[in-house]
Amino acid sequence: MVVGVGIDIVEVDRIRKALQREKFARRVLTELEELYCTGSNGLSAQKVAGRWAAKEAVIKAVGIPFRMQDIEILNDPLGVPVVTIHDNMYDRKRLKIFVSITHERGHAAAVAVVERSIMQVPLG
Ligand SMILES: CC(C)(COP(=O)(O)OP(=O)(O)OC[C@H]1O[C@@H](n2cnc3c(N)ncnc32)[C@H](O)[C@@H]1OP(=O)(O)O)[C@@H](O)C(=O)NCCC(=O)NCCS
């Protein structure tokens, strides 16, 4: 059952400027995400903007103000972004989060959907 949805859009330039501050990437990205967002020219502002939008969308969808670093979004072998929440307040056994990310030149956007598994009530 879907129990939450969130959406966010961000200007890539805003993230590019923020990345000039040394601590910004550390505050927003996990080590593995930083690796994923790093290309031959260093950190890609567009990729980081996609992560930023996805994390904001996750916070809206779940309704808990997680720290950015506690939301980890990595891509599976097909490229599909997969969300892991590193926070004990989050019920990872029953809640699953799906995100979709897009970036086009100046903007990145993402949507997140939270699904809760329906508890099986034993009969009899
Ligand atoms: C996946 C695909 C649709 C992305 O579209 P695009 O217009 O090139 O790029 P967008 O900016 O809209 O989206 C990029 C984001 O899509 C996501 N993505 C990549 N592959 C994906 C996939 N197979 N399924 C879902 N999302 C995917 C990623 O999150 C990526 O952003 P990130 O690398 O920063 O995490 C495109 O690469 C494609 O057509 N790939 C081949 C076919 C395919 O695998 N399709 C999957 C759906 S059937």
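For my tally I count Ala, Val, Leu, Ile, Met, Phe, Trp, Tyr, Cys and Pro as nonpolar, Asp, Glu, Lys and Arg as charged, and the others, Gly among them, as polar. Sorted that way, the shell around the ligand has five nonpolar, four polar and two charged residues. Note to self: this is a predicted model.

**Entry 1, the chain**

I began with the overall layout. I find four helices and seven strands in the chain. Going along the sequence, I read the order as β-α-α-α-β-β-α-β-β-β-β. I looked up the extent of the C-alpha trace too, and along the principal axes it spans about 65 × 30 × 25 Å.

Next came surface and burial. The chain exposes about 8100 Å², and 55% of that comes from carbon and sulfur atoms. Of the 124 residues, 38% are buried. I also checked the contacts between residues at least 6 apart in sequence: 59% of them join residues at least 24 apart.

**Entry 2, the ligand shell**

Which residues surround the ligand? I listed Tyr36, Lys47, Arg51, Asn75, Leu78, Gly79, Val80, Pro81, Ile101, Thr102 and His103. Then I asked which element gives the most to this shell. My note says strand 6, with three residues. Helix 4 (45-62) and strand 6 (95-104) each supply at least two shell residues.

**Entry 3, polar atoms at the ligand**

I went through the N and O atoms here. For Arg51, I have a side-chain N or O atom 2.6 Å from an oxygen atom of the ligand. His103 also uses its side chain, with a polar atom 2.8 Å from a ligand oxygen. At Leu78 I had to look at the backbone, where an N or O atom sits 2.9 Å from a nitrogen atom of the ligand. How much of the ligand does the protein bury? I get 43% of the 830 Å² that the ligand exposes when taken alone.

**Entry 4, Ala61**

I picked one residue of helix 4 to follow up, Ala61. Is Ala61 buried or exposed? Its relative accessible area is 7%, so I log Ala61 as buried, the cut-off being under 20%.

What does Ala61 touch, leaving out residues up to four places away in sequence? I wrote down Gly4, Val5, Gly6, Ala112 and Val114. As a last check I took the C-alpha to C-alpha distance from Ala61 to Asp13, which is 25 Å, with the two positions 48 residues apart in sequence numbering.

Technical notes
Residues numbered from 1 in each chain as written. Predicted model: local features only at pLDDT ≥ 70, side-chain atom pairs only at ≥ 80, totals over all residues. Heavy atoms only, no water. Near = heavy atom within 4 Å. Polar contact = N/O pair within 3.5 Å; in protein donor to acceptor, adjacent residues only side chain to side chain. Areas by Shrake-Rupley, 256 points an atom, 1.4 Å probe, with all protein chains shown as cover. Buried < 20%, exposed > 50% of the residue type's maximum accessible area, 1.4 Å probe, protein only. Contact = heavy atoms within 4.5 Å.
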